[in-house]
Amino acid sequence: MIEPIGNQYVVARPVYSLNTFGEEHKRKHRHHKSFLDHLKLCCRCSTQKVKKIALSLFPIASWLPTYRIKEWLLSDIVSGISTGLVAVLQGLAFALLVNIPPRYGLYAAFFPVISYFFLGTSRHISVGPFPVLSMMVGAVVTRMVPDTSSDMELTNSSVSSESLLEEKKILVAASVTVLSGIIQLALGVLQIGFVVIYLSESLISGFTTAAAVHVLVSQLKFMLQLSVPAHTDPFSIFKVLESVFTQITKTNIADLVTSVIILVVVFIVKEINQRYKSKLPVPIPIELIMTVIATGVSYGCDFEHRFNVSVVGEMKRGFHPPITPDVQVFQDTIGDCFGIAIVAFAVAFSVARVYSLKYDYPIDGNQELIALGVNNIFTGAFRGFAGSTALSRSGVQESTGGKTQVAGIISGIIVLIVIVAIGFLLQPLQKSVLAALALGNLKGMLMQFAEIGRLWRKDKYDCIIWIMTFIFAIVLGLGLGLAASVAFQLLTIVFRTQFPKCSTLANIGRSNIYKNKKDYSDMYEPEGVKIFRCPSPIYFANIGFFKQKLTDAVGFSPLRILRKRNKALKKIRKLQKRGLLQVTPKGFICTAEGLKDSDEELDNNQIEELDQPINTTDLPFEIDWNADLPLNIVVPKISLHSLILDFSAVSFLDVSSMRGLKTILQEFIRIKVDVYIVGSDDDFIEKLTRCGFFDEEVTDSIFFLTIHDAVLHILMKKDYSTSKLNSSQGKETKFDFTINTNGGLRNRECQVPVETKF
């Protein structure tokens, strides 16, 4: 019964152990489905299930019929045009990161939006090239097709050699993209989109920041127009920087000045867009403006011939026929492709989740994997490269009023117009301008360095994950760096559970609340009772740590006490058999002068016997181990008679730790310390039963519902009417604790003279 009294409540119920609770409240029998049951349910077919699968595979069928033409169409058109212009420029710029001609970036910006329109569940993200993925694909292309090729099939003609090298790079990029798409599609079909949960926000932030630094370094050769050899092995970023600084005197001043001007203007205008976004109807399309100006100036002043700058070059109209991926490339790059697939999904899903929460509509992680997989397969087949979603491009689509993926289709139409009609107008555009535009989109990623201080204040583990992820990605490269970062992150989880912050609890406020003894001053701890809390799972890696912390909490080793008592018992038996020991009401009287050392040696040689339960049934008297023993028999005295283990935070227990836990319980029980376990759920106890955990020594009667139940049971069992008050301030005010018949813990405040002792 619960009786509210103002802002307090009074609970009247019996003291429950798990057994008594089970006797009074019968559990329902629940049928737990087996793997075969789940398989049957999965293979069962019905009209509703077919409809559900169709709607999940083609989300467009759920939102397109409800499309509000009058309210949304104009906004989607404006958003699509703005996003399409940004997508064109980002496609050209990010193609440089892949080490292929810029025109192929247009394919990577066009094909994904077509398939995502039908298969995607997010209404606001803009799919296409993403600088981090472009960098990862470019690293594979550089490794598989070095710039200085020595293949015998190449002719002496530099033109034909360059053309063949370009085709190889495109083939590798396309093959990597197709394989990444196949991996994503397989993960989505198998419904294991949960793999993204192993990439925490700290890891993604640190990884994308490191990728931004890689992009920055890789674009220096285009901004300075230097011939820098590509490197993909660990420490490659430092080798690239070394090459740049050794050739710094060969810098093309026209490219440097142009890229610096573009970069400064883009940064300033982006800051204006960010600061005044609430007042601007649409963000200022600074990338488009600067591209038009730079192209016009380059064409009008003939920069290509006057200053020998590197330009985009020929922009062929139309599309190339589909390409057949290289199976050998699949075999050589499967590890890289898996990393690309996971990073692409993690970035796209995290951005999509932000918008889904903001606009209150559901997204499906597994369907997103399928959509991204089809995107990459489709794009790779037509000579594009892997994509996801660029944060800046998605921001443009959402901030300019985009409501659905109709805006994505409109942006695709803009890219299509450039591909088939007006792409030639971009031929005079300098590559250094594209490099500057690519760096201009990295501002958000580079600003993530500020995360270090915030994470350090909030959670030092997350801060360390961020820093180590950044270091791994910088030093080892993006592929190996991602793998090492995930491994390190999982290792931190192991450390957190392997070394949990165990604590000793005590009663606070004379109620049923129990808190850490170190955190509060006015605490009540029943004499001879210790409450120990473990806040993590117990498994093979931390059972030793758990035992050590428990030993530190109680102040003694139960195994050592057990062995000391068994040794003493052997000596007492020998004295009693020889008639040298007499028992009086005042204690033992021994007529012997001492014992030989051989007895001690004998005990050490029979160590296994010392670990057995203490058996005094053959003696005509009971031994009080806390009293004085005869002669020089010394046994450590302990005041503990009850130990409560709070397992409310212990989610699982493996077989190895189960054996260790049972040994710990047996050691305490054998020295007459009652052990109680509280807060465990029913599944936990069922597992112990299945594994044969209980026997004559360790029974299931040690389990109680709450700490308070166990404490009241101990007080009733020991028949304590008063208990000592443990207060660090040494107050004269004492509290007398008594047990109500309804199972409550009641206190009577009274003034006790200083000389009075309990």
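This passage describes aromatic contacts, charges placed over rings, and the pocket and cavities of a predicted model.

A search of the whole structure finds 30 aromatic pairs. One of them joins tyrosine 107 and phenylalanine 319, whose rings are tilted with respect to each other, with 5.8 Å from centre to centre and 35° between the planes. Because tyrosine 107 belongs to helix α6 (residues 104–119) whereas phenylalanine 319 is found in the loop between α13 (303–306) and α14 (327–359), this pair ties together parts that are 212 residues apart in sequence. The two partners differ in their surroundings: tyrosine 107 is buried, its relative accessible area being 3%, while phenylalanine 319 has a relative accessibility of 35% and counts as partly exposed.

Phenylalanine 319 also pairs with phenylalanine 110, and since the ring centres are 5.6 Å apart and the planes stand at 40°, this pair too is classed as tilted. The contact again links distant parts of the chain, with phenylalanine 110 in helix α6 and phenylalanine 319 in the loop between α13 and α14, a separation of 209 residues. Phenylalanine 110 has a relative accessibility of 10%, and therefore counts as buried, the limit for that class being under 20%. Tyr107, Phe110 and Phe319 are members of one aromatic cluster, which is completed by Tyr104, Phe111, Phe378 and Phe382.

Charged side chains are also placed over aromatic rings. The charged end of arginine 123 sits over the ring of tyrosine 361, at 4.8 Å from the centre of that ring, and lysine 460 lies over the face of tryptophan 456, where the distance to the ring centre is 4.9 Å.

Turning to open space, the largest pocket has a volume of about 1,700 Å³. It is lined by 50 residues, of which Tyr355, Leu391, Ser392, Gly395 and Gly444 are the closest to its centre. At least two lining residues are supplied by each of α5 (69–97), α9 (201–224), α11 (253–275), α12 (286–301), α14, α16 (391–399) and α19 (443–446), and among the contributors α14 gives the most, with 8 residues. Divided by class, the lining of this pocket holds 26 nonpolar, 16 polar and 8 charged residues.

Enclosed space was examined in the same structure, and the search finds 4 cavities of 30 Å³ or more. The largest cavity, with a volume of about 60 Å³, is lined by Arg103, Leu106, Tyr107, Met315, Lys316, Arg317, Val418, Ile419, Gly423 and Phe424. Two or more of these lining residues come from each of α6 and α17 (406–422). Tyrosine 107, described above as a partner of phenylalanine 319, is thus also part of the wall of this cavity, whose lining comprises 6 nonpolar, 1 polar and 3 charged residues.

The second largest cavity contains about 50 Å³ of space, and its lining consists of Leu199, Leu203, Ile204, Phe207, Thr208, Val343, Ala346, Val347 and Leu482. The elements giving two or more residues to this lining are α9 and α14, with the largest share, 4 residues, coming from α9. By class, 8 residues of the lining are nonpolar and 1 is polar, and no charged residue is present, whereas the lining of the largest cavity includes 3 charged residues.

Methods:
Residues are numbered from 1 along each chain as its sequence is written. This is a predicted model: local features need pLDDT of at least 70, side-chain atom pairs count only at pLDDT 80 or more; totals for chains, interfaces and linings use all residues. Side-chain values use heavy atoms; hydrogens and water are left out. Rings of Phe, Tyr and Trp (its six-membered ring) pair if their centres lie within 6.5 Å; planes under 30 degrees apart count as stacked, over 60 as edge-to-face and the rest as tilted. Buried means under 20% relative accessible area, exposed over 50%, partly exposed in between (1.4 Å probe, protein chains only). A charge sits over a ring if NZ of Lys or CZ of Arg is within 6 Å of the ring centre and within 35 degrees of the ring normal. On a 1 Å grid over the protein atoms alone, a cavity is a set of points where a 1.4 Å probe fits but cannot get out, and a pocket is an open set with protein on both sides within 12 Å along at least five of seven lines; lining residues have an atom within 4 Å of a point. Grid points are joined across faces, edges and corners, and a volume is the space filled by probe spheres set on the points. Ala, Val, Leu, Ile, Met, Phe, Trp, Tyr, Cys and Pro count as nonpolar, Asp, Glu, Lys and Arg as charged, and the others, Gly among them, as polar.
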